[in-house]
Amino acid sequence: HKDNENAAQPMCVVVTPAHPYWNATAAMLETTRRLLAREMRRGLIAVARHPAQSGNKTLAFHTLWEPCDFYRRFQHYLQLDFAGENSTICEGFKKWALPRVTQLTSDLACMANARVQPSSETHPFKDLSRPSWTTEAFFVGLRFSRGNEQDAQAAQGEASGEQKPRMDIRDAVLKYIEVSSAWPDKAHFTGRVDLRVSVLDRESLPPWCLTPTSEHPGTAED
């Protein structure tokens, strides 16, 4: 790969499997490596649990394609709500803002002791604060270890009064909001498009994100 010609150590070229194909080598992070390794281990476990039957040495595709427990894997999540006055506006804004989540996850993954994984899907839901709008939610899983306590903020509202480490992700989130707000068509839809970012713990996830459907009502960590 031409981008790797001058690299001290040649890198394997990573090409996305779906159209449109693009070289994702530059987007590969330590978090990505851990995710790929985890999924390979999961596949190995699936093979070990399903011995070949009747001489067939392969597993059914749906067995290996079983989705991971994304909404049980992390302690915290970012919820990104892409909203538009109608479905056309929402879809146009989402097509601009959603690909830029890659930069957000990259910025978060660069923080010490952070593990980050974006979801693979968006969830349409009815926002009760603006029920006539079209809104879709996207989630990013977050896990921060205790190895960076000197830079962590104290968690608020702990019943025990114990201070727990929490990373300051505001700069990364504000940067993402700024980039998303640069949508070229935004000037044509002033007051008709919106992006909201919320931080949730696992217990606060909306129940509809656990059961994907075409329309949702209202509102294990590894």
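Is E85 buried, partly exposed or exposed? E85 counts as partly exposed, because its relative accessibility is 35%, which lies between the limits of 20% and 50%. This briefing concerns a predicted model. A search of the whole structure yields eleven aromatic pairs and zero disulfides, and the count of salt bridges comes to ten. The points below cover strand pairing, aromatic contacts, salt bridges, one polar contact and two cysteines.

**Strand pairing around β3**

- Strand β3 spans residues 134–144, and eight of its eleven residues are buried, so that the strand is mostly covered.
- Strand β1, residues 76–84, runs antiparallel to β3 and is joined to β3 by nine bridges.
- Within the pairing of β1 and β3, the residue opposite G84 is T134 of β3.
- Strand β2, residues 114–125, also pairs with β3 in the antiparallel sense, over nine bridges.
- P118 has V140 of β3 as its bridge partner.

**Aromatic contacts**

- A pair of aromatic rings is described by two quantities, the distance of the centres and the angle of the planes.
- Among the eleven aromatic pairs of the structure is that of F70 and Y77, with ring centres 5.6 Å apart and planes at 75°. This pair is edge-to-face because its angle is over 60 degrees.
- Both members of the F70 and Y77 pair count as buried, F70 at 6% relative accessibility and Y77 at 0%.
- Y71 and F139 form an edge-to-face pair, with 5.6 Å from centre to centre and 90° between the planes. Y71 belongs to helix α3 (residues 70–73) and F139 to strand β3, so the contact ties together parts that are 68 residues apart in sequence.
- Y71 and F139 are both buried.
- A cluster linked by ring pairs comprises F70, Y71, F74, Y77, F125, F139 and W208.
- A charge also sits over a ring: the charged end of R100 is placed over W96, at 3.5 Å from the ring centre.

**Salt bridges**

- D69 and R73 meet through their side chains in a salt bridge, with an N to O distance of 3.8 Å. D69 is partly exposed at 37% relative accessibility, whereas R73 is buried, with a relative accessible area of 4%.
- A salt bridge of 2.5 Å, N to O, joins the side chains of E85 and R192. This pair links distant parts of the chain, 107 residues apart: E85 lies in the loop between β1 and α4 (87–97), and R192 lies in the loop between α6 (170–180) and β6 (193–201).
- Both partners of the E85 and R192 bridge count as partly exposed, E85 at 35% relative accessibility and R192 at 28%.
- The side chains of R196 and D127 form a salt bridge at 3.4 Å, N to O. R196 is in strand β6 and D127 is in the loop between β2 and β3, so the pair ties together parts that are 69 residues apart in sequence.
- R196 is partly exposed, with a relative accessible area of 35%, while D127 counts as buried at 10% relative accessibility.
- Salt bridges link D127, R130, D194 and R196 into a network.

**A polar contact of strand β1**

- Q79 is a residue of strand β1, and its relative accessible area of 8% places Q79 among the buried residues, because the limit for that class is 20%.
- The side chain of Q79 makes a polar contact of 2.9 Å with the side chain of D81.

**Cysteines**

- A disulfide is a covalent bond between the sulfur atoms of two cysteines.
- Zero disulfides are found when the whole structure is searched.
- C90 is buried, with a relative accessible area of 0%, and C209 is likewise buried, with a value of 0%.

Definitions and conventions: Residues are numbered from 1 along each chain as its sequence is written. This is a predicted model: local features need pLDDT of at least 70, side-chain atom pairs count only at pLDDT 80 or more; totals for chains, interfaces and linings use all residues. Side-chain values use heavy atoms; hydrogens and water are left out. A disulfide is a pair of cysteine sulfur atoms within 2.5 Å. Buried means under 20% relative accessible area, exposed over 50%, partly exposed in between (1.4 Å probe, protein chains only). Rings of Phe, Tyr and Trp (its six-membered ring) pair if their centres lie within 6.5 Å; planes under 30 degrees apart count as stacked, over 60 as edge-to-face and the rest as tilted. Helices (H or I, at least four residues) and strands (E, at least two) are DSSP runs, numbered from the N terminus. A charge sits over a ring if NZ of Lys or CZ of Arg is within 6 Å of the ring centre and within 35 degrees of the ring normal. Two strands pair if DSSP finds at least two bridges between them. A salt bridge is a side-chain nitrogen of Lys or Arg within 4 Å of a carboxyl oxygen of Asp or Glu. A polar contact is a pair of N or O atoms within 3.5 Å; within protein, one must be able to donate a hydrogen and the other to accept it, and residues adjacent in sequence count only if both atoms are side-chain atoms.
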